[in-house]
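This briefing goes through a few helix contacts and charged pairs. Please look at the sequence and the structure before reading on.

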Amino acid sequence: MCLRLILCCLLALPASALAQQVVPAATATPRYVPATGDAWVDRHLVDINRYAARYPDAFLDEVVRYAGVPHGYAAALLQEHGWQAGDLYFACFWGKVIGTGCREPVRAWSRDPAGGWAAVVKRLPVAPDNLHWRALRHALVASYDHWDRPIELDALLRRQLGDRAQRDTRAAHPPQ
């Protein structure tokens, strides 16, 4: 009888140890919401997170080359400070379009991210205007082109940039 009890306890031990290691399915990462105030920009920053997770080197190369950010600085924000790729992209390209560089938006976000990027942008030393937003949106389109990723333009960008599908078709089949 005592031997049977010991065997039952020993057999039950691994099962209880495994049960303690299982993470409940309800535990999930919070949804990323950049809150720039521009739904089109927000949607693409969310997508940039997915892209950067799959192609981290291409993402970093884009930020380094086109936003003028040192590679080590961008990599440290992502890897050591836990920044989202969408936030890094926004901070660095916003810094470029307002002429302050990446560090000013990074500091402002780090001090107080409450209210998302829309609130942070208003606290920066350069007041946001339509030309800044336009430059940022154009930078997003250019980045998608560099990554050879499809991007759907909203009506405003179609007016500003023309019909990309038609332009791409003409480039692939120039007139003879």
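**Helix packing and salt bridges**

The axes of helix H3 (residues 56-67) and H5 cross at roughly 10° and come within 10 Å of each other. H3 and H5 are therefore roughly parallel, a label for angles under 35 degrees (over 145 is roughly antiparallel, 65 to 115 roughly perpendicular, and the rest oblique). The model is a predicted one, in which local features need pLDDT of at least 70 and side-chain atom pairs count only at pLDDT 80 or more, while totals for chains, interfaces and linings use all residues. Residues are numbered from 1 along each chain as its sequence is written, and side-chain values use heavy atoms, with hydrogens and water left out.

**H3 against H5**

- On the H3 side, the contact (heavy atoms within 4.5 Å) is made by Phe59, Glu62, Val63, Tyr66 and Ala67.
- H5 contributes Ala85, Leu88, Tyr89, Cys92, Phe93 and Lys96 to the contact with H3.
- The residues of this contact divide into nine nonpolar, no polar and two charged. Here Ala, Val, Leu, Ile, Met, Phe, Trp, Tyr, Cys and Pro count as nonpolar, Asp, Glu, Lys and Arg as charged, and the others, Gly among them, as polar.
- Helices are DSSP runs of H or I with at least four residues, and strands are runs of E with at least two, numbered from the N terminus.
- Axes are lines fitted to C-alpha atoms, for helices over the stretch in contact, and angles run from 0 to 180 degrees between N-to-C directions.

**H2 against H5**

- H2 and helix H5 (residues 85-98) pack with their axes 7 Å apart, at an angle of about 120°. That angle makes H2 oblique to H5.
- The crossing of H2 and H5 is right-handed, meaning that the near helix is turned clockwise from the far one by less than a right angle (anticlockwise would be left-handed).
- Val41, Leu45, Ile48, Asn49 and Ala52 of H2 meet Ala85, Gly86, Tyr89 and Phe90 of H5.
- Seven nonpolar, two polar and no charged residues make up the contact of H2 with H5.
- Asparagine 49 lies in helix H2 and is buried at 13% relative accessibility. Buried means under 20% relative accessible area, exposed over 50%, and partly exposed in between (1.4 Å probe, protein chains only).
- Leaving aside residues up to four places away in sequence, asparagine 49 touches Tyr32, Gln84, Ala85 and Gly86.

**Salt bridges**

- Five salt bridges are found in the whole structure; each has a side-chain nitrogen of Lys or Arg within 4 Å of a carboxyl oxygen of Asp or Glu.
- Arginine 137 and aspartate 38 form one of them, at 2.9 Å from N to O. The pair links distant parts of the chain, 99 residues apart: arginine 137 is in helix H8 (residues 130-146), and aspartate 38 is in the loop between helix H1 (2-21) and helix H2 (39-54).
- Arginine 137 is buried at 7% relative accessibility, and aspartate 38 is buried at 16%.
- Arginine 137 also meets aspartate 154 in a salt bridge, at 2.5 Å from N to O. Aspartate 154 lies in the loop between H8 and helix H9 (155-161), so the pair ties together parts 17 residues apart in sequence.
- Asp38, Arg137 and Asp154 are thus linked in a network of salt bridges.
- Within helix H2, arginine 50 and aspartate 47 are three residues apart, about one helical turn, and form a salt bridge with their closest N and O atoms 3.3 Å apart.
- Arginine 50 is exposed, with a relative accessible area of 54%, whereas aspartate 47 is buried, with 12%.
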